[in-house]
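Visitor: I'd like a close look at one part of this model, the place where two helices pack against each other. Could you walk me through that contact and then wander out to a few residues elsewhere?

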Amino acid sequence: MALRSAYFVDWKGSSTILLWGDATGMRELRDFLRGARAAPNAPTFERFCEAVDGRTVSVRAVSDQRDTGMRLARDGLEWRLRSDLAEDFAEKVDVLAASVAGHQYLGHYPGDDDITVEVSIGEYPETLRPNG
């Protein structure tokens, strides 16, 4: 299964990008997050993640906390991360890689206008798709 992504307008009460898959997919995401802070451009998840809704996720390094978060951008999504957040998120994803089932929220706080980022292992089927 590796890793899949999809944007849901209303997932558990908020707009959410769900990343779900198996341990291999979690390790790929973890490694990507650890390497993204050193990338000179905005790398995407395309190499290791199937965007089942057609929305490619790109990651852009930022330095200001106010600039962080997941947002809609053209035909995809852009995740703006500070290097310390990317490392924190990589650690959370690493815990999931060793789990049979569970999920983590990466960077959404109550009151945020940004899109919630949920990463899940063992909770959703490969066939999951956003409605409409």
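Guide: Let's start with handedness: a crossing counts as left-handed if the near helix is turned anticlockwise from the far one by less than a right angle, and as right-handed if clockwise. Keep in mind that this is a predicted model. By that rule, α1 and α2 cross in a left-handed way. The residues that make the contact are Ala23, Met26, Arg27, Leu29, Arg30, Leu33 and Arg34 on the α1 side, with Ala86, Glu87, Phe89, Ala90, Glu91, Val93, Asp94, Leu96 and Ala97 on the α2 side. Sorted by class, that makes 10 nonpolar and 6 charged residues, and no polar ones.

Now the geometry behind it. Helix α1 covers residues 23-36 and helix α2 covers residues 83-97; their axes sit 8 Å apart and the packing angle is about 165 degrees. Angles over 145 degrees count as roughly antiparallel, so that is how α1 and α2 run relative to each other.

Staying on α1 for a moment, Gly35 belongs to that helix too. Gly35 is partly exposed, at a relative accessible area of 37%. If you want a long-range pair to look at, take Gly35 and Pro125: 90 residues separate them in sequence, and their C-alpha atoms are 28 Å apart in space.

From α2, you can step across to Leu106, which sits in the loop between β7 (102-105) and β8 (116-121). Its contacts, leaving aside neighbours within four places in sequence, are Trp79, Phe89, Lys92, Val93, Val117 and Val119. Phe89 and Val93 should ring a bell, as both are among the α2 residues in the helix contact. Leu106 has a relative accessibility of 1%, so it counts as buried. One of its partners, Val117, is 11 residues away along the chain, with 5.3 Å between the two C-alpha atoms.

Just ahead of α2 there's Arg82, in the loop that runs between β6 and α2. Arg82 is an arginine that counts as buried, because its relative accessible area is 17% and the cut-off is under 20%. Beyond the residues up to four places away in sequence, Arg82 touches Val62, Ser63, Asp64, Gln65 and Thr68.

Another buried arginine is Arg4, at 10% relative accessible area. Arg4 is part of strand β1, residues 3-11. Its side chain makes a polar contact of 3.4 Å with the side chain of Glu50. Setting aside residues up to four places away in sequence, Arg4 touches Leu18, Leu19, Trp20, Cys49, Glu50, Val52 and Glu126.

Last stop, backbone torsions. Most residues other than glycine have a negative phi. Two loop residues here go the other way. Lys12, in the loop between β1 and β2 (14-21), has a phi near 55 degrees, a positive value in a residue other than glycine. Arg74, in the loop between β5 (69-73) and β6 (76-81), has a positive phi as well, near 50 degrees. As for accessibility, Lys12 counts as exposed at 53%, and Arg74 counts as exposed at 84%.

Definitions and conventions: Residues numbered from 1 in each chain as written. Predicted model: local features only at pLDDT ≥ 70, side-chain atom pairs only at ≥ 80, totals over all residues. Heavy atoms only, no water. Helix = DSSP H or I, 4+ residues; strand = E, 2+ residues; numbered from the N terminus. Buried < 20%, exposed > 50% of the residue type's maximum accessible area, 1.4 Å probe, protein only. Polar contact = N/O pair within 3.5 Å; in protein donor to acceptor, adjacent residues only side chain to side chain. Contact = heavy atoms within 4.5 Å. Axes fitted to C-alpha atoms, helices over the stretch in contact; angles between N-to-C directions. Parallel < 35°, antiparallel > 145°, perpendicular 65-115°, else oblique. Nonpolar A, V, L, I, M, F, W, Y, C, P; charged D, E, K, R; others polar.
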